Amino acid sequence: MADKQAIEEFYIENRTFPPLSDFTQTALASDSSLYEEAELDFEAFWARQARELLTWEKDFTSILEWELPYAKWFSDGELNISYNCLDRHVQNGKGDKVAFHWEGEPGDTQTITYNELLIEVSKFANVLKDFGLQRGDTVAIYMPMILELPIAMLACARIGVAHSVIFGGFSPDAIIDRCEDAGAKLIVTADAGYRRGEPSLLKINVDAALDSGASSVKHVVVVNRCNIPVEMKDERYHWWHDLMLSASPNCPAEPMPAEQLLYLLYTSGTTAKPKGIMHTSGGYLTQVAFTHKYVFDLQPETDIYWCAADIGWVTGHSYIVYGPLTNCCTSVMYEGTPDTPRTELRNGQDRLQWSKDRLWDIIERYKVTQLYTAPTAIRTFMKWGSEELKDHDLSSLRVLGTVGEPINPEAWMWYHEHIGSASTPIVDTWWQTETGGHMITPLPGVTITKPGSACSAIPGVFAEVVDDAGNKVEQGGGYLTITKPWPSMLRGIWGDPERYLKTYWSTYEGKYFAGDGVKIDNDGYLWLLGRVDDVMNISGHRISTAEVESALVDHPSVAEAAVVGATDSTTGQAIIGYVILRGSCDPSNELRDEIRNHVAQKLGPIARPKAVFLVPDLPKTRSGKIMRRLLRDVAEGRDLGDTTTLADANVVSAIQDGAQKSTED
Ligand code: PRX
């Protein structure tokens with residue numbers, strides 16, 4: 001019954017999309033056999049994947065040791081991650097295969113083969129060794145999206161040094177916190193990277209960090225990406241190109257225990273100290289390689305795969321670097337944003353062109369077969385309109401993926417129709433920094449998809465929806481839990497075992513609590529509803545922001561929407577919607593009312609927003625997540641809290657102005 005549900009269900013979506021026979025004929029998985037195998041014995045299933053997808057220096061005898069909250073997978077096995085990503089492919093005759101087609105924002109390009117990548121990685125591993133780094137140490141990496149970034153990561157993995165990649169948009173404070181927490185001994189950076197036509201400075205932030213903290217850092221290696229004059233301040237500073245000039249290309253990959261720490265990746269909490277999420281080697285690589293292969297239906301001989309994320313986030317770690325390279329796949333890697341200027345050679349002359357079709361241009365030129373991006377990007381493309389697509393041939397695309405947030409059904413449909421020519425399967429992949437790899441997603445040749453649903457757990461992962469008391473919910477809204485350990489799960493929070501236990505394993509006994517709301521429908525499909533903290537309480541009804549946002553985006557004039565619950569003296573909380581209109585729509589009071597009524601019609605009167613503000617933009621983190629906390633501050637007229645993780649600091653004042661104006665209208 002609705003009033004007993006942890007989170008109520010309002011949005012009903014009935015459209016279904018079965019895999020097309022053209023696709024299933026060649027798909028790696030086209031029936032339920034993987035699910036059945038994993039259901040029978042999930043440990044044996046993952047052991048088979050580990051042996052088939054990876055090369056082990058020493059085979060394992062133990063599959064899983066599980067003592068809540070700690071899991072060890074394949075613990076007596078030994079392997080080297082960089083060997084799995086590089087050497088074995090070269091040994092198998094794939095040395096000349098392209099690993100990355102890299103494209104810089106200004107339009108410069110570089111192609112690197114597996115053989116070349118192995119040489120660069122080996123050289124940089126020797127550089128690290130020359131600095132005295134060894135197994136157990138940590139290196140921080142603060143770089144733009146250039147090839148030296150995966151090279152540095154793989155060089156660390158080659159010698160058992162953990163890396164901690166710090167997203168290039170973060171401030172000196174974030175560098176200090178992360179370096180100090182991890183005790184990083186060396187940091188790799190660049191003068192700058194290109195973003196929207198300008199060099200976005202990086203090294204200067206490292207200087208500022210080292211001036212006031214991060215005393216564990218003894219060496220700084222600087223890549224010259226943009227030819228910005230930089231000061232090599234003291235003997236700690238070195239140019240990447242100088243060091244690489246004299247480095248030997250021979251560096252044997254050292255076998256590591258399966259549970260060797262591969263990396264730390266800090267999740268930035270909104271208030272609390274960031275958590276250093278720990279990922280280890282054998283289990284992580286197994287799940288990442290498995291999902292990259294089956295979720296994207298990878299045909300490694302012919303596919304050109306593109307994950308348009310930043311390596312500073314887990315998506316880039318798992319699905320730009322480790323998954324694709326383990327599977328010997330050819331990828332595209334792009335430095336900039338979708339709306340960037342580029343230099344084009346026309347009639348023998350360089351011309352700077354500003355455009356919003358960069359993604360489509362790249363897909364067409366490289367004949368990309370898989371595109372993996374975020375719902376926020378898709379909604380931005382909707383806002384820009386399908387004009388940007390014309391004149392681009394996207395017919396090479398075979399699989400489309402999304403990650404990072406719930407995808408509204410209408411955004412899904414837009415992706416399906418405009419990018420996927422109404423035939424390309426879409427995989428909506430739910431996972432987290434903590435889970436390391438995909439957890440809930442369709443398999444494109446197997447699953448009948450529904451727009452807006454991540455469908456079901458992958459083979460070998462077990463998800464359960466529970467209510468407040470932890471009882472299983474068979475149908476309706478609740479909280480997402482994972483009931484069994486999985487190979488790529490986090491192994492802890494660096495330096496804080498209590499917080500690890502408390503955050504993830506204490507809410508529901510014996511189960512991992514993901515912190516997300518979810519609903520399960522009559523067919524057992526899972527519909528992610530966003531973070532539990534974002535659930536609104538309207539007159540005692542717990543309504544998810546995701547559902548109201550989907551109803552808003554369902555209106556033909558709306559491109560993107562964010563919803564918050566603002567304190568209300570009558571209803572406890574009231575729904576406030578912030579809406580970006582599609583390119584060609586004119587704002588008016590009538591339209592605002594029409595949009596509010598549309599939500600009421602779609603979800604019921606209880607979900608009618610008290611107010612809808614038409615705004616030019618929404619506050620987002622650099623990874624594209626809407627910062628609802630700031631919108632609550634705006635709605636409740638408070639001073640803004642911490643805004644340091646905002647991608648564009650001007651957005652909130654534009655919204656405040658817009659909200660003010662809408663109220664006066
Ligand atoms: O709320 C979920 C949302 O993103 C959170 C994880 O964020 P992060 O650790 O930054 O990792 C993002 C990339 C894996 C989740 O708790 N999320 C991620 N993917 C989806 C999603 N929400 C709905 N649908 C998704 N496909």
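**Exercise 1. List the residues that line the second largest cavity, then sort them by class.**

*Solution.* Step one is the list: Leu79, Asn80, Ile81, Ala157, Gly160, Val161, Met256, Gln260, Leu261, Leu262 and Ser281 form the lining. A cavity here is a set of points, on a 1 Å grid over the protein atoms alone, where a 1.4 Å probe fits but cannot get out; lining residues have an atom within 4 Å of a point.

Before going on, note that this is a predicted model, in which local features need pLDDT of at least 70 and side-chain atom pairs pLDDT 80 or more, while totals for chains, interfaces and linings use all residues. Residues are numbered from 1 along each chain as its sequence is written, and side-chain values use heavy atoms, without hydrogens and water.

Step two is the sorting: seven residues of this lining are nonpolar, four are polar and none is charged. (Ala, Val, Leu, Ile, Met, Phe, Trp, Tyr, Cys and Pro count as nonpolar, Asp, Glu, Lys and Arg as charged, and the others, Gly among them, as polar.)

Step three adds the volume, about 60 Å³, where a volume is the space filled by probe spheres set on the grid points, joined across faces, edges and corners.

**Exercise 2. Describe the largest cavity and its lining.**

*Solution.* Start with the volume, which is about 120 Å³. Of its 13 lining residues, Pro409, Gly452, Trp527, Leu528 and Ser550 are the closest to the centre. Next, look at the elements: β26 (526–531) and α16 (545–553) each give the lining at least two residues. (Helices, H or I with at least four residues, and strands, E with at least two, are DSSP runs numbered from the N terminus.) Finally, the classes are eight nonpolar, three polar and two charged.

**Exercise 3. Work out which residues surround the ligand and which polar contacts it makes.**

*Solution.* First, the shell: 16 residues are around the ligand (a heavy atom within 4 Å), and Asp428, Thr429, Thr433, Asp516 and Arg531 come nearest. The shell draws at least two residues from each of α11 (314–326), β22 (426–429) and β26. By class, six of its residues are nonpolar, five polar and five charged.

Then, the polar contacts (pairs of N or O atoms within 3.5 Å):

- A side-chain N or O atom of aspartate 516 is 2.9 Å from a ligand oxygen.
- A polar side-chain atom of lysine 625 is 3.2 Å from an oxygen of the ligand.
- A polar backbone atom of proline 406 is 3.4 Å from a ligand nitrogen.

Last, the cover: the ligand alone exposes 540 Å², of which the protein buries 89% (Shrake-Rupley areas with a 1.4 Å probe).

Methods
On a 1 Å grid over the protein atoms alone, a cavity is a set of points where a 1.4 Å probe fits but cannot get out, and a pocket is an open set with protein on both sides within 12 Å along at least five of seven lines; lining residues have an atom within 4 Å of a point. A polar contact is a pair of N or O atoms within 3.5 Å; within protein, one must be able to donate a hydrogen and the other to accept it, and residues adjacent in sequence count only if both atoms are side-chain atoms.
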